[in-house]
Amino acid sequence: MDTPSYKVNLDTEVQYLKGVGPKRGKVLRSFGINNIKDLLKNYPRKYLDRTNIKKISTIKIGENVVIIGTVASFGIKPLKRVKYFQVQLKDDTGEILGIWFNGLSWIMDKFNIGDVLAIYGKVEFYRGYRIIHPEFDLLDTSNNFLNTGKIIPIYSSNTQLKQLSLDSRGIRKLIINSFNSIHSIEDHFDQKFIKNEALMSLNDAMRQMHNPDSNEALSKALYRIKFDEYFFLQLVLALNKYKIDNSDGEKINQRGPYVREIYENLGFELTNAQINVLREIRKDLSLSKPMNRLIQGDVGCGKTIVAILT
């Protein structure tokens, strides 16, 4: 008897995604990733592409570089009073060391011989090239990034996530599982609107954000995602304005008994700008719709006295 498969959609709780489970799901929820939609909106913090990656033979001292290579060796090394952790990284043109003096207990079990590693940092030279405390990412070699020249997405992570193997590589695997499970993302815009605005479809944009085919495709995907953010922000603002314009509020035509007394004892004259603002505010207060104003000005320009006299 066949067991029916569990159907996953964008609203499915993240713990039910293949590769997550209750333990990982609890940690992901603590970072605001509650469902599949939240996971797919966890976009890469940066991308690596072949045009930005340097061969070891071409690097220069003092240069900030991105290098991808294979872990040839690693381990704790002693100095006179301290210890440090060292990774030897090789590509087909040379070798370089990544060196860490801090956080040894955390980093010493992160690598295996043969791992493909991207490191970022400033090049130094002492008995060979090295980078002190480089940023690093273990890369997923399943898609053969190095040979195909594909753009590599790099995801944000932290110690808590990495303890559950949810480093950049682990998060990417969950993203892949998500796309394999949901197949297609329904667009909230119709085809006519998408065509008129020259937009990439939401399904394509989401997939290109996490697995870009080219810099051009990534640029179009970024434009679509930013378009959506601005569109819905403007929509919320327009709805709020409509609500305010069509709401009934209390008319305030009378000023308090102290306004005239305060005004006559100011000891200075109000500026034309202050008087104009007072008139505009009083006009708004006399209407039935709620007032929605912000008084903006430099320190000492007289915002407080305007507020008092209204």
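## A walk through two pockets

In the second largest pocket, α9 contributes the largest share of the lining, with four residues. Keep in mind as you click around that this is a predicted model.

**Stop 1: the second largest pocket.** Start by selecting α9, residues 215-245. Then add α2 (36-40) and α8 (202-210), which, like α9, each give two or more residues to this lining. The space here comes to about 330 Å³. Which residues should you show as sticks to find the centre of this pocket? Pick K37, K41, H188, L202 and D228, the closest to the centre among the 14 lining residues. Now colour the lining by class: you'll get eight nonpolar residues, five charged ones and one polar one.

**Stop 2: the largest pocket.** Next, move over to the largest pocket, with about 460 Å³ of space. Its lining is made up of 23 residues, and those closest to the centre are L138, K162, S165, D167 and S168. Show these five and centre your view on them.

Which element gives the most to this lining? Select α6 (168-182): this helix supplies six of the lining residues. Add the strand β7 (135-138) as well, since β7 and α6 each bring at least two residues to the lining of the largest pocket.

Finish by colouring this lining by class too. How many of its residues are charged? Eleven are, alongside seven polar and five nonpolar residues. Flip back to the second largest pocket, and you have eight nonpolar, one polar and five charged residues on screen.

How values were computed:
Residues numbered from 1 in each chain as written. Predicted model: local features only at pLDDT ≥ 70, side-chain atom pairs only at ≥ 80, totals over all residues. Heavy atoms only, no water. 1 Å grid on protein atoms, 1.4 Å probe; cavity = no way out; pocket = protein on both sides within 12 Å on 5 of 7 lines; lining within 4 Å. Points joined across faces, edges and corners; volume = space filled by probe spheres on them. Nonpolar A, V, L, I, M, F, W, Y, C, P; charged D, E, K, R; others polar.
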